[in-house]
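Student: I have a chain open on my screen and I want to learn to read it. Can we go through it in short questions?

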Amino acid sequence: MSDSLANRIGRGAAANRRSFLKRSSLAAASVMVVSPHVLGGPGKTPPSDQFRFAQIGVGGQGARDVRRMIHAGGTPVALCDVDVQRAGKTFCQHPDVERFTDYRVMLDEFDKEFDAVVISTPDHTHATIGLAAMRHGKHVYMQCPMARTFDEVQRLKAAAKQSGLAIQMGNQGHSSLHMRAFRDIIERGVIGEIESVHCWTDRPEWPQGMTSVPTSTTAPISLDWDLWLGPVADRPFCKGYLPVAWRGWWDFGTGALGDMGCHLLDPAFTTMGLQLPRRITADCETATSIAYPVWSQIEMEFDATDVCPNGLKLTWYDGGKQPETPTIIADETTGEPGYSAGGSGCMIVGKKMTLVGSTLAGEPDQMPQIVAVASDDDNELAEARQAGRKRVEQLSAENDETSKSHYERWIQAAREGKSESLTGDLQIAGTMTQSALLGCIATRYPGQTLTWDDEKQQFAGSEEANSFLSFEPREGYLYEA
């Protein structure tokens, strides 16, 4: 294999990895073949009219993102994954699209062939990949959470502001009918003055609470373990990290709160203008220095906003913990649907009524689960619910710019050079992600109240807690725009 080809399939990979690729048929998956999507031609959209994107991470969520980007009008011209077996199905579905194992090689040698980068990798690599893509002038769509540490999110927000590029976080429900219904009901003041918010998920679906690292083993020959580690310190491969279990480890993931918080906290942050919490107190089980707790219940206190003039207390629950929620039986006479809280949700408690629902739907053109409004006044309840249902039906029937999916909105902003149309989204996404990450840190100190100093951007009087706000990447990876 030539040095040029070896660089294309993964610069910096270990010698045994290169040796394997020389002798394995998998090497064929990394050979550069010029795609007809890039060249244009009969029956193909010319490059000047395409929105060409490179996908980094193409197994699991990445495979779904490839499909949804194509459905939204994007054209994939490069696929990058450190595990050729996990990526195999997506590779086979797009046989003419270029393939890489190292995103740095892809950006250095192939970046003139695409306009944007979609990042669907583990949390610990989001920041370094996102910043690298922006250095190359690429629009960025990154799966949530934006990053693994508070400082990484700060760097991403600053780079996005300076670059003028279209940057979007993958909390798809933000563009859904669910969110529009939440916003509409809050803006109409139906539920009265907001008193509290409760958000919950039944995750984690992966192990947490571990007190020791799993036994090291030999990495699968299809996986470039060094590239998978990316910016974090080198360590032996362990089966207990992959394919999804990395979410439960501090060095790689952000636990249940990081995974689901950027969906379920969104109604509160979007409709109420919340900033970072001023105080955080966590109750949790088996918090350890290497893994997230088995379950947690985290209280965040926020300063006053226009929507919440007296401030707000938001409580997060995971690992099976859940607040009491209203159960509403369907009314066959009026046609009003029933509601019973599921494994994930957001409940906004007002003085007059309580609003319950979720923003986990992927596409805004799907009729969402009708949000439920609870009240002691049956007539008021029926009128409010009926009005809410009709409003959602009206929103669903609309065919305008606001009905576009999350993916479509990002592609449109990138193609038209109107990154400012996503500025509000990114601000909400950044603040929400950082709030979730502060909540994660609080689980290291169960029963203690951490006070946030917004001016200094650190916890007051806790140097140890502050040490978890940032992370220094290892050599070969940069946190610079």
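Tutor: Start with one definition: buried means under 20% relative accessible area, exposed means over 50%, and partly exposed lies in between. Keep in mind that this is a predicted model. Try the rule on Glu301, which has a relative accessible area of 24%. That value falls in the middle class, so Glu301 is partly exposed.

Student: What percentage of the residues in the chain are buried?

Tutor: The chain has 16 helices and 15 strands. It holds 481 residues. The buried residues make up 56%.

Student: What share of the exposed area comes from carbon and sulfur atoms?

Tutor: The chain exposes about 20100 Å². Of that area, carbon and sulfur atoms supply 46%.

Student: Is Phe53 buried or exposed?

Tutor: Find Phe53 in strand 1, residues 51-56. Leave out residues up to four places away in sequence, and Phe53 still touches residues including Val66, Met69, Ile70, Phe114 and Val118. Its relative accessible area is 0%. The cut-off is under 20%, so Phe53 is buried.

Student: How far apart are the C-alpha atoms of Phe53 and Asp111?

Tutor: Along the chain, Phe53 and Asp111 are 58 residues apart. In space, their C-alpha atoms are separated by 9.9 Å.

Student: Which residues gather in the patch of positive charge on the surface?

Tutor: One member is Arg64, in helix 4, residues 61-71. Arg64 has 33% relative accessibility, so it counts as partly exposed. The patch of positive charge is made by Arg64, Arg67, Arg86 and Lys89.

Student: Why is helix 9 called largely enclosed?

Tutor: Helix 9 spans residues 177-187. Its buried residues include Leu177, Met179, Phe182 and Ile186. Charged residues are on that list too, among them Arg180 and Asp184. Helix 9 is largely enclosed by the rest of the structure because the buried count is nine of the eleven residues.

Student: Which residue with a positive phi follows helix 9?

Tutor: Look just past the helix. The phi there is near 70 degrees. The residue is Gly189.

Student: How far apart are the closest N and O atoms of Asp259 and Arg203?

Tutor: A salt bridge needs a side-chain nitrogen of Lys or Arg within 4 Å of a carboxyl oxygen of Asp or Glu. By this rule the count comes to 15 salt bridges. Asp259 and Arg203 form one of them, with their closest N and O atoms apart by 2.7 Å.

Student: Where do Asp259 and Arg203 sit in the chain?

Tutor: They are 56 residues apart, in distant parts of the chain. Asp259 is in helix 11, and Arg203 is in the loop between strand 7 and helix 10.

Student: Is Asp259 buried or exposed?

Tutor: Its partner Arg203 is partly exposed, at 24%. Asp259 has 5% relative accessibility. The cut-off is under 20%, so Asp259 counts as buried.

Student: Which residues are linked in a network of salt bridges?

Tutor: Begin with the pair Asp259 and Arg203, which form a salt bridge. Two further names join them. The network links Arg203, Asp259, Glu205 and Arg247.

Student: How many residues apart in sequence are the parts tied together by Asp226 and Arg474?

Tutor: The side chains of Asp226 and Arg474 meet in a salt bridge, 3.2 Å from N to O. Asp226 lies in helix 10 and Arg474 in the segment after helix 16, so the pair ties together parts whose separation in sequence is 248 residues.

Student: Which strands hold Arg279 and Glu301?

Tutor: Arg279 and Glu301 form a salt bridge, with the closest N and O atoms 2.9 Å apart. The pair ties together parts that are 22 residues apart in sequence. Arg279 lies in strand 8 and Glu301 in strand 9.

Student: What is omega for the peptide bond from Leu242 to Pro243?

Tutor: Pro243 lies in the loop between helix 10 and helix 11. The bond from Leu242 is cis. Its omega is near 5 degrees.

Student: What is phi of Gln457?

Tutor: Gln457 is in the loop between strand 14 and strand 15. Its phi is positive, in a residue other than glycine. The value is near 55 degrees.

Terms used
Residues numbered from 1 in each chain as written. Predicted model: local features only at pLDDT ≥ 70, side-chain atom pairs only at ≥ 80, totals over all residues. Heavy atoms only, no water. Patch = residues over 30% accessible without salt bridge, like charges linked within 9 Å, V, L, I, M, F, W, Y side chains within 5 Å. Areas by Shrake-Rupley, 256 points an atom, 1.4 Å probe, with all protein chains shown as cover. Lys, Arg positive; Asp, Glu negative; His and termini not counted. Charge placed at Lys NZ, Arg CZ, Asp CG, Glu CD. Helix = DSSP H or I, 4+ residues; strand = E, 2+ residues; numbered from the N terminus. Buried < 20%, exposed > 50% of the residue type's maximum accessible area, 1.4 Å probe, protein only. Contact = heavy atoms within 4.5 Å.
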